[in-house]
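Reader: Could you walk me through one part of this model in detail? I'd like a close look at the place where the small molecule is held, and at what is around it.

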Amino acid sequence: MTMLIKGGTVVTASDATRADVLIDGERIQAVGTGFGETDTVIDATGRYVMPGGIDVHTHMELPFGGTVSSDDFATGTEAAAWGGTTTIVDFAVQGHGEELSAALDRQLAKAGPKSHIDYGMHMIVREINDQVLRAMDAMIDRGVPSFKLFMAYPGVFMLGDGDIFRAMSRTADNGGLIMMHAENGGPIDVLVQRYLAEGKTAPINHGLTRPASMEGEATHRAIALAELAGVPVYIVHLSSREALNAVREGRDRGVPAYAETCPQYLYLSLDDLARPGFEGAKFVCSPPLRPADHQAELWQGLITDDLQVVATDHCPFDYKDQKILGKSDFSLIPNGLPAVEDRYTLLWDGGVAAGHISPMRFVELVATAPARMFGLLPRKGTIAAGSDADIVVFDPHARRTLSAATHHMRVDYSCYEGRTVRGLPEVVLQRGNVLVRDGKFHGTPGAGRFLERSRFGPG
Ligand code: URP
Ligand code: ZN
Ligand code: ZN
């Protein structure tokens with residue numbers, strides 16, 4: 001089967017050119033003009049033709065806080081596709097005392113029969129010993145070269161500095177990448193207990209007990225440990241000015257420190273956590289939403305490349321059935337927000353349409369940089385001969401209103417309810433197959449493939 005995407009503006013991280021895209025089977029055959037007849041033609045006149053989004057931070061079916069995130073790989077990847085994302089990298093979670101390979105098998109078994117789009121895996125490592133360090137090498141051989149560690153959640157996920165340094169030293173030898181949840185969990189937990197003892201149980205206290213200074217401190221420490229180990233480090237879900245400054249300082253003195261931020265930190269704020277009644281629970285995630293004045297600095301970080309990636313940390317929980325677990329104790333509200341469907345358009349709307357970044361920078365942030373850093377380029381993340389035909393035909397002029405009534409994520413609320421955004425992923429292709437067209441979904445559960453990723457490539 002051949003297909004021509006005709007008459008659009010093809011955007012990559014380096015160019016925006018009027019050109020047609022010729023697809024043969026699953027791959028892009030050529031980008032240019034003057035191609036002959038094909039089996040199918042998609043008219044992209046007045047549209048941008050961009051790589052499918054790559055969201056390197058999702059949690060489908062994640063067990064957390066006595067419940068499980070509400071999107072499975074079927075609903076979550078369908079929602080991703082509607083939003084223009086054609087690849088996710090999700091997380092396998094090591095249980096206490098569990099072999100990393102068993103944790104990976106478990107998450108792959110969940111994803112395999114259900115996923116509509118291609119997916120890779122990172123590994124969440126919750127304990128470090130000689131056997132786990134050896135198992136990290138084996139994970140890399142299975143195409144899982146990135147490991148998330150936590151400086152938060154004592155007794156659950158948190159690792160001490162010695163263990164973090166041991167893991168980083170291992171990646172100096174095996175070429176893996178440490179991804180860090182950088183919040184200092186010790187003092188945070190003391191604050192949480194203090195607030196609860198004082199009867200401060202409402203959702204806003206989630207934000208007040210996880211101060212930005214503790215994210216800044218942990219980010220600085222993670223980068224110092226990586227510098228000592230002589231390895232790159234990737235800070236996940238960076239939310240604050242303090243953490244950004246730590247990344248910037250590290251990069252300025254030549255440390256290969258990288259970071260992602262997420263739409264929630266660019267658009268939402270502590271004021272949302274303070275919404276009346278229990279509404280603030282909808283906005284509980286960690287690190288927490290910050291005062292609104294942090295947002296402009298994060299946008300600046302995206303412009304200056306001190307932040308290289310926008311991912312979602314998609315981890316949805318229903319308001320009525322799941323967030324409610326913390327009705328009388330904010331520390332029991334499951335942490336995480338729905339976002340996988342909204343990332344592409346939100347970043348377009350607030351970034352490109354608002355005049356902060358170019359379409360090329362947009363592509364870099366949502367597709368090319370994540371593909372490069374997480375071992376998927378040139379197969380994914382760009383529009384070039386030989387790459388997978390993962391393509392979004394994007395209408396920049398369409399306006400729509402985000403709402404739980406119309407989104408496809410399996411969650412009963414939207415963090416962006418009522419917000420009007422510019423831009424619509426009108427046609428979405430994965431490996432040449434139409435996933436979204438004419439407002440209809442054409443995907444197949446299980447059609448997504450597991451992506452064995454290569455080692456980290458500098459951003
Ligand atoms: O609140 C969050 N971020 N939930 C997902 C787990 C994590 O730490 O990324
Ligand atoms: Zn995290
Ligand atoms: Zn996460």
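**The site of ligand 1**

Author: Happy to. Let's begin with a polar contact: an oxygen atom of ligand 1 is 2.9 Å from an N or O atom in the side chain of K148. Please keep in mind throughout that this is a predicted model.

K148 is one of several residues to look at here. For H181, a polar side-chain atom is found 3.1 Å from an oxygen atom of ligand 1. G336 takes part through its backbone instead, with a polar atom there 3.4 Å from a ligand 1 oxygen. As for exposure, ligand 1 taken alone exposes 260 Å², and the protein buries 99% of that.

Now for the surroundings. The residues around ligand 1 are H57, H59, K148, F150, H181, H237, C285, S286, D313, C315, N335 and G336. Sorted by class, this shell contains 7 polar, 3 nonpolar and 2 charged residues.

Where does this place ligand 1 in the protein? Ligand 1 sits in the largest cavity. Searching the whole structure turns up 1 cavity of 30 Å³ or more, and the space in the largest cavity comes to about 150 Å³. Its lining is made of 16 residues, and those nearest the cavity centre are H59, F64, K148, Y153 and D313. By class, 8 of the lining residues are nonpolar, 6 polar and 2 charged.

K148 and H181 turn up again when we move on to the metal. The zinc ion (ligand 2) has as its protein donors K148 through NZ, H181 through ND1 and H237 through NE2, lying 2.1 Å from it. If you would like to find these donors along the chain, their spacing in sequence reads K-x32-H-x55-H. There is also a zinc ion (ligand 3), and 4.0 Å separate it from the zinc ion (ligand 2).

To tie this together, K148, H181 and H237 are zinc donors, and these residues also belong to the surroundings of ligand 1.

How values were computed:
Residues are numbered from 1 along each chain as its sequence is written. Chains are lettered from A and ligands numbered from 1 in the order in which they are written. This is a predicted model: local features need pLDDT of at least 70, side-chain atom pairs count only at pLDDT 80 or more; totals for chains, interfaces and linings use all residues. Side-chain values use heavy atoms; hydrogens and water are left out. A residue is near a molecule or strand if one of its heavy atoms lies within 4 Å of it. A polar contact is a pair of N or O atoms within 3.5 Å; within protein, one must be able to donate a hydrogen and the other to accept it, and residues adjacent in sequence count only if both atoms are side-chain atoms. Accessible areas come from the Shrake-Rupley method with a 1.4 Å probe; for residues, only the protein chains shown count as cover. On a 1 Å grid over the protein atoms alone, a cavity is a set of points where a 1.4 Å probe fits but cannot get out, and a pocket is an open set with protein on both sides within 12 Å along at least five of seven lines; lining residues have an atom within 4 Å of a point. A molecule sits in a cavity or pocket if more than half of its atoms lie within 2 Å of its grid points. Ala, Val, Leu, Ile, Met, Phe, Trp, Tyr, Cys and Pro count as nonpolar, Asp, Glu, Lys and Arg as charged, and the others, Gly among them, as polar. Grid points are joined across faces, edges and corners, and a volume is the space filled by probe spheres set on the points. Donors are N, O and S atoms within 2.8 Å of the metal (3.2 Å for Na, K and Ca); water is not among the atoms, so sites may look incomplete.
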